Each structure stands twice: as C-alpha cells, then as structure tokens.
Amino acid sequence: MRVAPEGWLFIIIAWALVVICAVLHWYIPAIILVPVAIWVVAFFRDPVRDKVRGPDLILAPADGKVVSIISIDEPAYMKGPSTRVAIFMNVFSVHVNRYPADGTVAYRHYGPGKF
C-alpha cells in the first residue's frame, strides 16, 4: 500500500506518541492512541487504481459518494451551461484526488473559503 507523501509527518507523529506513551508505561493512553495512529495511516493511504483508461472514458476523480449531478450556469470559464458532479468524501474515503480524463488544465481559480 502506498501512502501520500504529505501524510508521512502526521503518521510519524501519531506513532511516536504511541511509542512515547508505551516507553513511559502510560499504557491506557498508548492503547487509546493505537487506533488513532492506525486511522492516520488509513487516511493518507494511496492505493493503486487499476482501472481501464481510454480517450472516451471519464473516471471518478475521488473515492466517495456522488451526491449530486446538476446542470449549472458557469460564467467564469465555460460561460454557459455545464454539468457539476459533487462527490462527498467521508473520513474513511481515500483522500487522494486523481485526474479523471486525459487533458490539459486550461483554467484554475482559487475561491477563499470560510476557514
């Protein structure tokens, strides 16, 4: 199983806390932290996807559940009607987004959020 490179720091910290608690004989906190450390590894997993690819196929860019497919008016780039697919990822979903089709990024826009 591969792990996303950005996750290694969090994985090391989580398991270091488990080891420190065990070395200090703080067994209850260590036992509580083991599932958390396992979850951190699971959160940053990056499994290999062996899917059929082709110029006429579009794959899901993320694991999770498709919660809506709607027609919208997209004024910034398409300047007209478009289809938006929304995917909800819970904490158990693989949080690595993949490219769904061959192509070139022609437009990118950052919209600041509330956080």
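This is a chat about the helices, the hairpin and a few single residues of a predicted model.

Reader: Let's start with the helices. At what angle do the axes of helix 1 and helix 2 cross?

Author: They cross at roughly 165 degrees, and the axes come within 8 Å. Angles over 145 degrees count as roughly antiparallel, so that is how helix 1 runs relative to helix 2.

Reader: And is the crossing left-handed or right-handed?

Author: Left-handed.

Reader: Which residues of helix 1 meet helix 2?

Author: On the helix 1 side they are Phe10, Ile11, Ala14, Trp15, Leu17, Val18, Cys21 and Ala22. Their partners in helix 2 include Tyr27, Leu33, Ala37 and Val41.

Reader: What makes up the largest nonpolar core?

Author: It has 8 residues: Val3, Ile11, Ala14, Val18, Ala37, Val40, Val41 and Phe44. Helix 1 (8-23) and helix 2 (27-43) are the elements that give two or more residues to this core.

Reader: Zooming in, what does alanine 14 touch?

Author: Leaving aside residues up to four places away in sequence, alanine 14 touches Ala37 and Val40.

Reader: What about isoleucine 38, where is that?

Author: Isoleucine 38 is in helix 2. Its relative accessibility is 49%, so it counts as partly exposed; the cut-off for exposed is over 50%.

Reader: How far is isoleucine 38 from valine 52?

Author: Their C-alpha atoms are separated by 31 Å, with the two residues 14 apart along the chain.

Reader: Switching to the strands. How many bridges join strand 1 to strand 2?

Author: There are 9, and the two strands run antiparallel. As one example of the pairing, aspartate 73 stands opposite proline 81 in strand 2.

Reader: How many residues of strand 1 are buried?

Author: Just 1 of the 10 residues in strand 1 (residues 65-74), so the strand lies largely in the open.

Reader: Backbone check now: which residue in the hairpin of strand 1 and strand 2 takes a positive phi?

Author: Lysine 79, near 55 degrees, in a hairpin with 5 residues between the strands. Most residues other than glycine have a negative phi, so this one is worth a look. Lysine 79 is in the loop between strand 1 and strand 2, and at 62% relative accessibility it counts as exposed.

Reader: And histidine 25, what's its phi?

Author: Histidine 25 has a positive phi of about 65 degrees, although it is not a glycine. It sits in the loop between helix 1 and helix 2.

Reader: Is histidine 25 buried or exposed?

Author: Exposed, because its relative accessibility is 55%.

Conventions
Residues are numbered from 1 along each chain as its sequence is written. This is a predicted model: local features need pLDDT of at least 70, side-chain atom pairs count only at pLDDT 80 or more; totals for chains, interfaces and linings use all residues. Side-chain values use heavy atoms; hydrogens and water are left out. Buried means under 20% relative accessible area, exposed over 50%, partly exposed in between (1.4 Å probe, protein chains only). Helices (H or I, at least four residues) and strands (E, at least two) are DSSP runs, numbered from the N terminus. Two strands pair if DSSP finds at least two bridges between them. A nonpolar core is a set of buried Ala, Val, Leu, Ile, Met, Phe, Trp, Tyr and Cys residues joined through side-chain atoms within 4.5 Å. Contact means heavy atoms within 4.5 Å. Axes are lines fitted to C-alpha atoms, for helices over the stretch in contact, and angles run from 0 to 180 degrees between N-to-C directions. Angles under 35 degrees count as roughly parallel, over 145 as roughly antiparallel, 65 to 115 as roughly perpendicular and the rest as oblique. A crossing is left-handed if the near helix is turned anticlockwise from the far one by less than a right angle, and right-handed if clockwise.
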